[in-house]
Amino acid sequence: MRSLRTAPPLPLVFLLITAGESVFVVVCGFSQNQLNPDYSGRVECLTDKQKHFSLKLSDVMKKDEHRFCFRIITNEEKERWLGEPGVQLRVTELHVEAPVEVTEGQTADLTCKTTCSLTDPTFIWYKNGRPLTTKTIKNNQLHLQTVSSEDAGSYSCAVGGSQHLRSTAHSFRVRYPPKNVSVSISPSGEIVEGSSVTLTCSSDGNPPVKIYTWFKEGGTSPVGSGQNYSIINITADHTGLYYCEAQNDHGALNGTVMVTVKSQSWSAVWFAVGGGGFLLITVLICICWSVKCSTNLPTV
């Protein structure tokens, strides 16, 4: 925070600039559209009854490290002053040094570095905002012996006793082959000859799977490609076990599904048998009823 006392009679505008670059940080007394976007939401102009003007900078970042000066402008063109030499803002910080991306199965070390001079510090690591307690922490390093896809996330660190001052989060990505490959059928339910179905293959992988190949058990050649495989006007011959092969740059994995087609010919047979049986029973009932009526007629 930097303060300046001014004479009351002068109409003043208070500005703060980075020396050498002449970038306005904020113009006190003006609307927020006068604010440099880099400082949006982080600066506040303060004053008191003695006309002390101050500027408060919050959430200080390493890029805020500049030499700052006051510039005072009045309503008189010639009455403008620049407060040289100003103040030099030095910013110490914690930051995580680590590879951005590794392949599953490799090892990786994440290092918490600081520009502060510390004596025997204790470092605390966080993943996705939560403290890490199950990983190997050696001095200022977090050691990942055999990286898995579950290690991907956002990592930050802090010095013991100052946990509220965490480093900027570091995004750590893991490349891995397809996992959790599954196949679904749409529409679900009974599949009848003459209908259409679509098989959909889903998987998890990094990079995302873009190559899907479809096979039918017993065949030697693919029956389709792409994440979706559609069968139009399906027949009983399509009954069988289907599997899709999901592939990315790091490997491949299969998922399977059983397709069972109900033949319409069998449905027709059952309908014919059922209908014929109903007709036969109806005829027998009519005959019995006629015979009964005949025996009950009076003789002449």
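1. Two aromatic rings of Phe, Tyr or Trp (for Trp, its six-membered ring) are said to pair if their centres lie within 6.5 Å. With that cut-off in mind, and remembering that this is a predicted model, one can read the ring pairs of the structure, in which Trp 214, Tyr 229 and Tyr 242 are linked by such pairs into a cluster. A search of the whole structure finds 4 aromatic pairs.

2. Another ring pair deserves a careful look, and a general remark helps here. A pair of aromatic rings is described by the distance of the centres and the angle of the planes. For Tyr 155 and Phe 172 the centres are 5.9 Å apart and the planes stand at 90 degrees, so this pair is edge-to-face, given that planes over 60 degrees apart count as such. Because Tyr 155 belongs to strand 15 while Phe 172 belongs to strand 16 (residues 170–186), the pair ties together parts that are 17 residues apart in sequence. Tyr 155 counts as buried, since its relative accessibility is 1%, and Phe 172 counts as buried at a relative accessibility of 1%; the limit for this word is under 20% relative accessible area.

3. The next topic is the disulfides, of which the structure holds 2. A disulfide is a covalent bond between the sulfur atoms of two cysteines. One of them joins Cys 112 to Cys 157, with a distance of 2.0 Å from S to S, and the link of these two residues is right-handed, with 75 degrees about the S-S bond. Cys 112 is found in strand 10 and Cys 157 in strand 15 (residues 153–159), so this disulfide ties together parts that are 45 residues apart in sequence. Both Cys 112 and Cys 157 are buried.

4. Cys 201 and Cys 244 also form a disulfide, and here the sulfur atoms are 1.9 Å apart. Since Cys 201 lies in strand 18 (residues 197–206) and Cys 244 in strand 22 (residues 240–248), the pair ties together parts that are 43 residues apart in sequence. Cys 201 is buried, its relative accessible area being 0%, and Cys 244 is likewise buried, with a value of 0% for its relative accessible area.

5. Strand 10, already met as the place of Cys 112, covers residues 108–114 and is joined by 4 bridges to strand 8, the two strands running antiparallel. Within this pairing, Leu 94 stands opposite Thr 114 of strand 10. Which residues of strand 8 (residues 94–97) make up its covered face, and which its uncovered one? Leu 94 and Val 96 form the covered face, whereas His 95 and Glu 97 form the uncovered face.

6. Leu 94 leads on to the largest pocket, whose volume is about 520 Å³. This pocket is lined by 17 residues, and those closest to its centre are Thr 92, Glu 93, Leu 94, Leu 165 and Arg 166. What kinds of residue make up the lining of the largest pocket? The lining divides into 8 nonpolar, 5 polar and 4 charged residues.

7. A last point concerns Lys 179, which has its place in strand 16, the strand that also holds Phe 172. Lys 179 is partly exposed, with a relative accessible area of 23%. Although Lys 179 and Asn 254 are 75 residues apart in sequence, their C-alpha atoms are 9.1 Å apart in space.

Definitions and conventions
Residues numbered from 1 in each chain as written. Predicted model: local features only at pLDDT ≥ 70, side-chain atom pairs only at ≥ 80, totals over all residues. Heavy atoms only, no water. 1 Å grid on protein atoms, 1.4 Å probe; cavity = no way out; pocket = protein on both sides within 12 Å on 5 of 7 lines; lining within 4 Å. Points joined across faces, edges and corners; volume = space filled by probe spheres on them. Nonpolar A, V, L, I, M, F, W, Y, C, P; charged D, E, K, R; others polar. Buried < 20%, exposed > 50% of the residue type's maximum accessible area, 1.4 Å probe, protein only. Pairing = 2+ DSSP bridges. Disulfide = S-S within 2.5 Å. Phe/Tyr/Trp six-rings, centres within 6.5 Å; stacked < 30°, edge-to-face > 60°.
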